[in-house]
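Student: I'd like to practise reading strand pairing and a loop residue in a model. Could you walk me through it?

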Amino acid sequence: MRIIKLVMTCLWFLLVSRFTSANEANMNCLRSIKSQVEDPNGYLSSWVFHNVTEGSICMFNGVSCWNDKENRVMSIELPGYGLKGEFPHGINQCYGLTNLNLSGNNFIGVLPSNIASLVAFLTTLDLSYNQFSGEIPAGLSNITYLNILMLQGNQFTGQLPPELASLQRLRQFSAADNQLIGPVPKFDEAMGIGEDSFANNTGLCGLPMDLCIDLEEEMIRFGMIGAALFAPVGAFLGWFFLNDKKEKRGELRRRS
């Protein structure tokens, strides 16, 4: 009987310890975000951490939890808050996060190459209409649960990672209004990702837009066409000058 009680007590302590650890991690996640961004309009003023009771962080502006009585963050939505800073790396401590919306702010800098390890279970990631720059990381393709990925209205450069086409759950995507070049990922037609998703990137090509042109191949092709067109002309001119030269020689011989 004592052994059973001892085992039950140990299990209880393990559960409490794990629960407390998860609770602290989620609070640290939000605390880290608040410390890493500028909030000129005071939208994050409700993010006060002196209250450690369960469910306290679920009352924060823009934060939703899996259960209002449990400090386990499910969603962070902060659109149009005027926030400034770089992508908050501390967000990796919100282990159960499935929705992140930072759209319409003033975030800058490059997205971390290890972004998938920071937000592994997201189904929605909206970073649209900020000032993110640099290349879009191929690591986004490792956030395998993504249904929505919005990257439009930033200053991204370079090529779209072809690996994005491997996001089989993706149903809504946009990289419009950036400075991207090269071929677009070969998304499955069933995803319904159309031309509007790539609009206002003058360097992008490939279906559903105009086909990409290989400049080297085009030069070779036009060279072959040019050779085919001008070969007869060249042959005629060669014959003409050769024949003219023969006639002049014949005329000189007759005069002599």
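Tutor: Gladly! Keep in mind that this is a predicted model. Let's begin with one pair of facing residues: Glu135 stands opposite Thr157 in β9. Three bridges join β7 to β9 (residues 155-159), and these two strands run parallel.

Student: Which strand pairs with β7 in the parallel sense over two bridges?

Tutor: That is β5, which pairs with β7 (residues 131-135). Look for Ile108, whose bridge partner in β7 is Gln131. From β5 you can step on to β3 (residues 84-85), since two bridges join this strand to β5 (residues 106-109), again running parallel. There, Lys84 stands opposite Asn106 in β5.

Student: In what order do the strands form the open sheet?

Tutor: The six strands follow the order β3-β5-β7-β9-β11-β12, with parallel pairing. β3 and β12 (203-205) each have a single partner strand, so each has one side without a neighbour in the sheet. As a general reading aid, side chains in a regular strand alternate between the two faces of the sheet.

Student: Now the loop residue. Is Ser56 buried or exposed?

Tutor: The idea is to compare its relative accessible area with a cut-off: under 20% counts as buried. Ser56 has 11%, so it is buried. You will find Ser56 in the loop between α1 (2-36) and β1 (63-67).

Student: What does the side chain of Ser56 reach at 2.9 Å?

Tutor: The backbone oxygen of Thr53. Setting aside neighbours within four places in sequence, Ser56 is also in contact with Asn51 and Asn71.

Note on methods:
Residues are numbered from 1 along each chain as its sequence is written. This is a predicted model: local features need pLDDT of at least 70, side-chain atom pairs count only at pLDDT 80 or more; totals for chains, interfaces and linings use all residues. Side-chain values use heavy atoms; hydrogens and water are left out. Two strands pair if DSSP finds at least two bridges between them. Helices (H or I, at least four residues) and strands (E, at least two) are DSSP runs, numbered from the N terminus. Buried means under 20% relative accessible area, exposed over 50%, partly exposed in between (1.4 Å probe, protein chains only). A polar contact is a pair of N or O atoms within 3.5 Å; within protein, one must be able to donate a hydrogen and the other to accept it, and residues adjacent in sequence count only if both atoms are side-chain atoms. Contact means heavy atoms within 4.5 Å.
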